[in-house]
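These are my notebook entries on what I looked up in the structure shown below. I began with the contact between the chains and then turned to the domains of one chain.

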Amino acid sequence: MSITNVASEVIGSVWKVEMSVGDTVKVGDTIMILESMKMEIPVEAPVEGTLAELKVKPEDSVDEDQVLCTIES
Amino acid sequence: MHNRELNSEKASADDNETAGSSINEELHFRRVSALEMGGAEAIERQHANGRLTVRERFSELTDADSFREVGTLGGSGEYDENNKLVRVTPAPYVAGMARVNGRPVAIGGEDFTVRGGTTFGAARRKGGQGGFIEDLAHYYKIPLVNLIDGAGGTVTSAKRRGYVAFPGVHGFERSVQLLGEVPVVSAVLGTAAGGPAGRAILSHFSVMVRGTSQIFAAGPPVVKRSLGRDIDKEELGGAATAVDKAGTIHNAADSEEEALDQIRQFLSYMPQNVWEMPPVVPCDDPVDRCEAALRDIVPEKRTQPYSMHDLINLVVDKGPVFEIQPTNGKSVITSLARLDGRPVGIVANNPKFYSGAMDASSAHKQIRFMELCDTFHIPLVFLVDVPGFMVGLKAEQEATLREGMRAVYVAGQLTVPTLTLVIRKCYGMAGMATCNKNDIDLKLSWPSGEWGSLPVEGGVAAAFRRDIANSADPKVREKELEAELRAYASPFRTAEAFAVEEIIDPSETRPILCEYIALAEGRLKASLGPKRKAGVSP
């Protein structure tokens, strides 16, 4: 069992969260969509597993490298 | 290392026949000693650390049986009281000429199994800055390959010399000169500091291995002594810092084999020197290949990104595309590719990362890449989707405006043919860094193109602030003004005014680009040689 942190690559804000804690994720699934520089930036699952924790909610500001959620696999 | 009884002085005094065989024997012995490097134990340690020996690296990188060594016998001989040779410890640097992709290169690398690859005091330096290997590249106008696995000089050399040398006793003059003459590539394959680290930077392309190589100005003991901070060498100078974050080294590889393969790939696009044309390879991908998929690749919704990597792959020759700095300055993609077999440099904004906005690191990356292509007569294709310079406090603190204007400055000095193709956005001064106004300045666009000094959104809020604030419903008024101005933003209106030279069907991108790159050939041939440097860049 390992935990993978999914971090933001950009400065921006959370626009939509597409999944809930406990959901099964596959590599490439969109977990949430950020908004940065007027562009929708999908945050995709880097690994397969279960969405263990959501650390942000819509309209939250996010920084580069900030952990957005964790995946347990 | 093996020991033996041999008296070289005596052998030369003996009769010819004996002397001949004895001398051959000595040559054989010394050659075998060189091949044994630092000995079985040191080689085992090198392997246990996940690293190849310098000679294994040469075999991995170069064409079979092509290595012609120079300085094989350089080293330290040990003699007994009768002046008989007992053993030879080879110099901690291996060098010579070899072939890569069938073409000659000068190649050298530290041998970490011998005294940790430290600088070797000899009558003439084999490698390092100002060493024989740099001279070989310079005088024969062939690429230089540095396989770096050492930390340069040590303070102990002062004891040997009897004085402390002034910085630059082995200066970088030749290393600097080579950057305007021949391709220079470096792989950092161990822990590099000092002179070897400096040479890795003075390269057109550099690569390091994740997990087994590090590079820094000064290592953990110096950091501890200077700043009182404990930090391990991987955190301080591993690929996550030196490649992904800093861009000190261009690319990272997951293994030494992959790092050496990246060098082979990079060199395959380069001419042997600035007086020659880049190599053209046979191409079986039709030049008139149209791709319907390109018509739908840009989403209708302006706030949705798309894969610029996919777009590039649909346009250029099928086969390898070599991306430089894929993990740093990610809002721009810089790749070497081919169009009908001819090398081209692709500069493409990446809408998936900050909407393709130019920040300080992507400006650096674009500048270096433009200078690389300009130096080696590789025409540039700009695939443009840039909303402008990156905004915000962090961007201002990183001097985005200055670095961005430097990109504009360098773009304006390019002498290599450039093609600008607007895919979606082309705004402001960052947009200017994708064209060369001092040249024919041919700007093509897809119908999805849009441009201006700044985007309508945000621009309206700034220009009509009072109008919006005084209206009954400011939000509605802002939208009204945006809609009014957007009507003028149609690319076809700009084409009517011939302010953009041609709007093309996206599916025809490849045939059109291939045609212009073929056309560029004559012009490139007429302008071979070193490039002039002028002015003070911002």
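Entry one: the contact between chains. I noted at the outset that the model is predicted. I looked up the contact between chain A and chain B, and found that nine residues of chain A and 13 residues of chain B take part. On the side of chain A that touches chain B, I found that strand E5 (residues 39–44) gives the most, with three residues. I then sorted the residues of that side of chain A by character: five are nonpolar, one is polar and three are charged.

Entry two: chain B as a whole. I counted 22 helices and 19 strands in chain B. Its C-alpha atoms fill a box of roughly 105 × 55 × 40 Å along the principal axes. Of the 538 residues of chain B, I recorded 43% as buried. For contacts in chain B between residues at least 6 apart in sequence, I noted that 73% join residues at least 24 apart.

Entry three: the domains of chain B. The domain assignment gave me domain 1 (16–269) and domain 2 (292–453 + 490–524). Taken over C-alpha atoms, the centres of these domains of chain B are separated by 37 Å. Their contact draws 13 residues from domain 1 of chain B and 17 residues from domain 2 of chain B.

I asked which elements give two or more residues to the domain 1 side of this contact. They are helix H11 (239–245), strand E11 (251–253) and helix H12 (256–269) of chain B. H12(B) gives the most, with three residues. The residues of that domain 1 side comprise six nonpolar, six polar and one charged.

Technical notes: Residues numbered from 1 in each chain as written. Chains lettered and ligands numbered in written order. Predicted model: local features only at pLDDT ≥ 70, side-chain atom pairs only at ≥ 80, totals over all residues. Contact = placed C-beta atoms within 7 Å. Helix = DSSP H or I, 4+ residues; strand = E, 2+ residues; numbered from the N terminus. Nonpolar A, V, L, I, M, F, W, Y, C, P; charged D, E, K, R; others polar. Domains from an automatic or database assignment. Buried ≥ 20, exposed ≤ 12 C-beta atoms within 10 Å, placed from the backbone.
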